Amino acid sequence: MMEIDESIPHLRRYKDGKQLIVDGKPFIILGGEVHNSSSSSLTYMEPIWPRLASLGLNTVLLPVTWELIEPKEGGFDFSLVDGLIEGARKYGLKVIFLWFGTWKNAVSSYTPEWVKTDLERFPRAQDSIGRRLDAITCFSKNALEADSRAFKTLMKHIREVDRERHTVIMVQVENEVGILGASRDHHPLAEECFDQDVPEELIEYLRINEERLNPYLRCIWRREKDSGTWRELFGVGADEVFMAWHFARFVDNVAAAGKSEYPIPMYVNAWLGPSAYMYEEGKPGEYPSGGPVSRMLEVWCAATHHIDTIAPDIYREDFCSVCDEYARLGNPLFIPETVRDERSASYVFHALGRYNAIGFSPFGIDDIIEPEKHPLTDSYKVLSSMIPLITRYQNTGRMIGFVDDGSYGYTHTVSMWRVRMRVRGFLCKLGGYRLQVSFAKELAERAKMIWPGFPYEGRTPAAGLIIAVDDDTYIAVGMNFLLRFLPLDGFSSSVEILWVDEGIFKDGEWVRGRRLNGDETGHGSWVYFEDKPRIRMIKVHSYT
Ligand code: DGJ
């Protein structure tokens, strides 16, 4: 790993994990990624900037494409890059550039014309019967050299224009790499490598991390052998492991070239494949083979030294399990792409609270035309005021996050305003108490039938983030859940809420609003979080 320059954006070790540091302070990306083509025109971006700012974003993810910065070989044009940085500065936003270089979504559609049309110099990957695929082969040294040179020149330019201001805080290297249409590349250059021995570095990584390997890799790896070819060591899974290693090496080399000019954090994003933890259909090649899917995370970690995190693009329903699969092996969680509907407003609490995520970013953010009506705006505004607090508790074990992504079963019966029913939720220990979190949508729907004035909208899935600032004092934020406190062992004492204050954080300081000790909290029995996220500070005590 390279030495870290602490004066520019970087990741630093903090407690049991890592934090993103920007302008000398811990930072959380409350982001949004624009559509692929939006940032290719400054004019097109003009009406988008104010909408992004109104959404409460602190960071925007913007593609920068190889074809537009190097239209002629060796002739660079950074006017677009400069215009995007300027636009972001005007609206107080940070930027993550997405380098659409040799690959974007497993094909090479963003390479310049002079690359795309020269199939001799930049050969395509081939399928098992020798047909050329849409993607340039990752075994092409020419492609690696040309891509690295372009990326290095881009990073040099960013350093020159942004070294003091830190508007650009991170860069994504390529986009959703891997090959489609074949489980591995059959170009002659690839065939030659496939028959060679697996690099010792990979075997060593697997041995060191043997206890924590994902079940899929554990199953295909023939650990009794110390050396051998890809087929000999990984049997039926050889094609994908082989491609993962070589894609990772290529991408790492590109990142290294960029970091040699300006070493800000760099990451790769993943087109998700089947889960590594349960049997799921899906063959490499139907999803990008060799991409950083969760079951290849170990291979990517072993092969890369200039990539700071491997980030999942989560469009699947099982948001929580995907987070779980990527927050392993010391990989800081960043979600660069996810749905932009009302679920995004809830998912962000889970990512930040449960996984100490360094960032979150729905895709196609420029489609949100009325930010004031979108629930993500409410979530981002409240969370951005809490960044100093959240980052203080990252990786300390004193913070939880959750979202009802449909995967929780019914756990307990609760009653609120004489409505009693069995609800979904969970119990967990935090601070000096056991917390009972009940997803309150069904309960609130029922209550609304009885009391039509009941404040219930229920647009967003139940979600929250809770911090134990002390053993008996909590700060909680979120929506559509009911929170109760129980003794740690469940029986030995009675627990009551001493007080609940609503409030806001201003410049990092708590500013108290109403005290809620009457109807709003069942006179100190529970704390109810409505559809709009609000922050509450709660103190509890117990007696026998
Ligand atoms: C994932 C890609 O990474 C994005 O660039 C975009 O193409 C989306 N898919 C579209 O849903």
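**Exercise 1. Helix 1 and a spatial contact**

Task: In this predicted model, determine in which helix M45 is found, and whether M45 is buried or exposed.

Solution.
Step 1. Residues 42-45 form helix 1, and M45 is found there.
Step 2. The relative accessible area of M45 is 0%. The cut-off for a buried residue is under 20%, so M45 is buried.
Step 3. For the spatial relation to G87, take the C-alpha atoms: those of M45 and G87 are separated by 8.4 Å, with the two residues 42 apart along the chain.

**Exercise 2. Positive phi outside glycine**

Task: For K15 and E174, state what phi each residue has and where each one lies.

Solution.
Step 1. K15 is not a glycine, yet its phi is positive, at about 50°. This residue is found in the loop between strand 1 (10-14) and strand 2 (17-22).
Step 2. With a relative accessibility of 52%, K15 counts as exposed.
Step 3. E174, likewise not a glycine, has a positive phi of about 65°. Its location is strand 9, residues 168-175.
Step 4. E174 is buried, its relative accessible area being 0%.

**Exercise 3. Salt bridges between separated segments**

Task: State how many salt bridges the structure holds, and work out which parts of the chain are tied together by the pair R207 and D226.

Solution.
Step 1. The total is 33 salt bridges.
Step 2. In the bridge between R207 and D226, the closest N and O atoms are 3.2 Å apart. R207 belongs to helix 8 (residues 200-208), while D226 sits in the loop between helix 9 (215-220) and helix 10; the pair therefore ties together parts that are 19 residues apart in sequence.
Step 3. R207 is partly exposed at 29% relative accessible area, whereas D226, at 60%, counts as exposed.

Task: Carry out the analysis for E240 with R295 and for R343 with E317.

Solution.
Step 1. E240 and R295 form a salt bridge whose closest N and O atoms are 3.1 Å apart. Because E240 lies in helix 11 (residues 238-261) and R295 in the loop between strand 10 (266-270) and helix 12 (297-303), this pair ties together parts 55 residues apart in sequence.
Step 2. Both E240 and R295 are buried.
Step 3. R343 and E317 form a salt bridge with a closest N and O separation of 3.2 Å. Distant parts of the chain are linked here: R343 is in helix 14 (residues 342-355) and E317 in the loop between strand 11 (309-314) and helix 13 (319-326), 26 residues apart.
Step 4. E317 is exposed, with 58% relative accessible area.
Step 5. Salt bridges with shared partners also join R184, E191, R231 and D239 into one network.

**Exercise 4. A charged surface patch**

Task: Identify which residues gather in a patch of negative charge on the surface, and place E232 within the secondary structure.

Solution.
Step 1. The patch comprises D197, E200, E204 and E232.
Step 2. E232 is located in helix 10, residues 230-234.
Step 3. At 40% relative accessible area, E232 is partly exposed.

**Exercise 5. A strand hairpin**

Task: Establish in what sense strand 22 and strand 23 pair, and which residue stands opposite I504.

Solution.
Step 1. Strand 22 (residues 494-506) pairs with strand 23 (residues 509-515) in the antiparallel sense, over five bridges.
Step 2. Opposite I504 stands V511 of strand 23.
Step 3. The two strands form a hairpin with two residues between them, and D507 in the turn has a positive phi of about 50°.

Key:
Residues numbered from 1 in each chain as written. Predicted model: local features only at pLDDT ≥ 70, side-chain atom pairs only at ≥ 80, totals over all residues. Heavy atoms only, no water. Patch = residues over 30% accessible without salt bridge, like charges linked within 9 Å, V, L, I, M, F, W, Y side chains within 5 Å. Areas by Shrake-Rupley, 256 points an atom, 1.4 Å probe, with all protein chains shown as cover. Salt bridge = Lys/Arg side-chain N within 4 Å of Asp/Glu carboxyl O. Lys, Arg positive; Asp, Glu negative; His and termini not counted. Charge placed at Lys NZ, Arg CZ, Asp CG, Glu CD. Helix = DSSP H or I, 4+ residues; strand = E, 2+ residues; numbered from the N terminus. Buried < 20%, exposed > 50% of the residue type's maximum accessible area, 1.4 Å probe, protein only. Pairing = 2+ DSSP bridges.
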